[in-house]
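Trainee: Could you take me through one part of this model up close? I would like to start at a pair of strands and follow the packing outward.

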Amino acid sequence: MKTLLVGINSKYIHTCLAIWYLKASINEFDNITVREFTINDIRDNVLSEIYREKPDIIAFSCYIWNIGIVLSITKELKKLLPDCRIILGGPEVSYDSEQIMAENSELDFIISGEGEDVFPVLIKDLYAGTEQYKNLQGIAYRSSCSVIFNKGFNLVKELDKVPSPYNNELMKTTLNRIVYYESSRGCPFSCSYCISSTFNGIRFFSMLRVKSDILRILEYKPRLIKFVDRTFNCHKGRAKEILKFLISLNCETVFHFEAAADLFDSEMLDILSKAPKGRIQLEIGIQTINTQTLKEIDRVTDIDVLTENVKKILGIGNIHLHLDLIAGLPYEDFEGFKKSFIYVYNLKPHQLQLGFLKMLKGSRIRLESQKHGFYFRDYAPYEVLKNKYISYDEILLLKDIEETFERYYNSGRFGNSLNFIEKSCFTWDSFILYEKLAHYCRDKGYLDRPVSYRENIQILYNFYKGVCQDNLSFEQFRQYMVLDFLSTDSSGAIPDCLKREDDYLSSGDIHSMLRNEEFIDRYLPQYKGIQAKNILKKVFFIKLNLLYPSDEVLLLDYSSKDEVSGKYRSISVKT
């Protein structure tokens, strides 16, 4: 018999860790194949690729981003492979498995919760033609014309007994992709919108297992390892030990964590301060600063402590910091969300994600949706449409602001330009800047289609041109846009709307500097002994007379990029 494990990811760079855990748990069986696709793949191609495998058993890992595709494909697969047994698992089918089975006759089994203990029993039965699976908890199956559901939610009690999935087969698939890693399962907190709150407690892999796995993964030199622990630092001592270990390693891999900043103490901040620049990324969910909202969703957060720790982390300068907000929460109207935005935005994180509340299956907030008048999509990802506090029109506006904010602020390519617009035109309200920019992009049709980076430059240029009446301020803005472009783009091909001949140095002046040994020793020592024409392939000179003194020029060095900001090294040099 042949078993096929299928993951359908939201993007190519993502991997489906769950199916690799399942494969590791059934390695005693022969003919086990893993296939990964994305939601952007042509559906017919996914169907044909799975069919060509001619499996006897197919298992899908189901999430909010892929459930629609999974259910549509399984219908077609049952027509083509009527004897094939189809198994679903994952969070999207763990809370209403009996109903899903009843509505989708092509499905044979659904496993609720974690599958590493239960899945091998089911596979063994299907291979042997036995039915021990009928005694398992948290499993739905068919008996004659009926759906049987054995109540329960499967959780693996001793995580170290789960075989590590990080073998050669998995790691070969992760080239240029994110490697996901979990050092724990569960969460000690009970936020009402999160399904981690539907079961109590948190379980940990041993430190020996964590360190062994990480060292194994690093043999393949991944660019990014993303820890998927719900709150990485909920156990302070353990988090500190892991961070010390990762900081001590000789590697270029970046490690990403979701953390609660209000749980950081002075020792943790000291540990983080010693990390090599860019080694650690932190994602911190603030969600809202509304205390009534925080209480209603059972989110325990000390905003004052969190704020101070965020400032300290940003002040260290060696860690990329990503903060999150959620729109659509109870008791937070449009103005309330605006206050949360301004508060978090003023902290100036490297990224600020504006998310929208998802009424996930199994979450308490979904079960209590009538209390706050929630209306949400019936289809995944079940995003909120409106509630007692915020209208759908306001949600749509926030969606436009989110997209605009993603293109400009979160891209990291317009920092100086946005700061200048804010200080010159929107000092009283930073939110208004992005609201007006979103309206501008909506009215011009820029939010209805993909827009390139260079077109985004033109759009922002035209936007400021429309709100600025001062020629000197506009010229200063243009120069900031040139600075932003050259700091993040090594082509030197300044967009036409920003290009001015007066900005450029003469070829003779540039070559004179690059032939000057004292100049090279001071500003570009790594190029010592290299011919000027070859140095020019890696450097760029520009005059920005409203940003720098008249006797100075800006030198961009494209051989070196900041590990946190992603910007190239720039130096102001005297001519």
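**From a strand pair outward**

Mentor: Start with β11 and β12, two strands that run parallel and are joined by 3 bridges. Keep in mind that this is a predicted model. Put your finger on Ile225. Across from Ile225, in β12, stands Phe255. Now look at how enclosed β12 is. Of its 6 residues, 5 are buried, so the rest of the structure largely encloses this strand. Buried here means under 20% relative accessible area.

Next, move to helix α8, residues 236-248. Both β11 (224-227) and β12 (254-259) help to cover the buried residues of this helix. So do β10 (202-204), α7 (207-218), α9 and β13. Which residues of α8 are buried? They are Arg238, Ala239, Lys240, Ile242, Leu243, Phe245, Leu246 and Ile247. Note that Arg238 and Lys240 are on that list beside Leu243 and Phe245. A point about helices helps you read such a list. An α-helix has 3.6 residues a turn, so residues three or four places apart point the same way.

Check the length of α8 too. Its 13 residues, at 1.5 Å a residue, should span 18 Å. The end C-alpha atoms are 18 Å apart, which agrees.

Two of the elements that cover α8, α9 and β13, lead us on to helix α11. The buried residues of α11 pack against α9 (266-273) and β13 (280-287). They also pack against α10 (291-296), β14 (320-327) and α12. The buried set in α11 is Ile303, Leu306, Thr307, Asn309, Val310 and Ile313.

Run the length check again. Helix α11 covers residues 303-316, and its 14 residues should span 20 Å at 1.5 Å each. Its end C-alpha atoms lie 20 Å apart, which agrees with that value.

Now look at both ends of α11. At the start, a side-chain oxygen of Asp302 comes within 3.2 Å of the backbone nitrogen of Asp304. Just after the helix comes Gly317, with a positive phi of about 85°.

One partner of α11 is α12, so let us step there. Helix α12 covers residues 334-345, and Glu335 has its place in it. Is Glu335 buried, exposed or partly exposed? Its relative accessibility is 45%, so Glu335 counts as partly exposed. The cut-offs are under 20% for buried and over 50% for exposed. For a sense of distance, take Glu335 and Ile459. These two are 124 residues apart along the chain, and their C-alpha atoms are separated by 27 Å.

Last stop: Asp429. This residue lies in the loop between α15 (415-425) and α16 (430-443). What does Asp429 touch, leaving out residues up to four places away in sequence? The answer is Lys338 and Ile342. With Lys338 there is also a polar contact: the side chains of Asp429 and Lys338 are joined at 2.7 Å. Compare Asp429 with Glu335. Asp429 has a relative accessible area of 9%, so it counts as buried, whereas Glu335 at 45% is partly exposed.

Conventions
Residues numbered from 1 in each chain as written. Predicted model: local features only at pLDDT ≥ 70, side-chain atom pairs only at ≥ 80, totals over all residues. Heavy atoms only, no water. Helix = DSSP H or I, 4+ residues; strand = E, 2+ residues; numbered from the N terminus. Buried < 20%, exposed > 50% of the residue type's maximum accessible area, 1.4 Å probe, protein only. Polar contact = N/O pair within 3.5 Å; in protein donor to acceptor, adjacent residues only side chain to side chain. Contact = heavy atoms within 4.5 Å. Expected span 1.5 Å × (residues − 1). Pairing = 2+ DSSP bridges.
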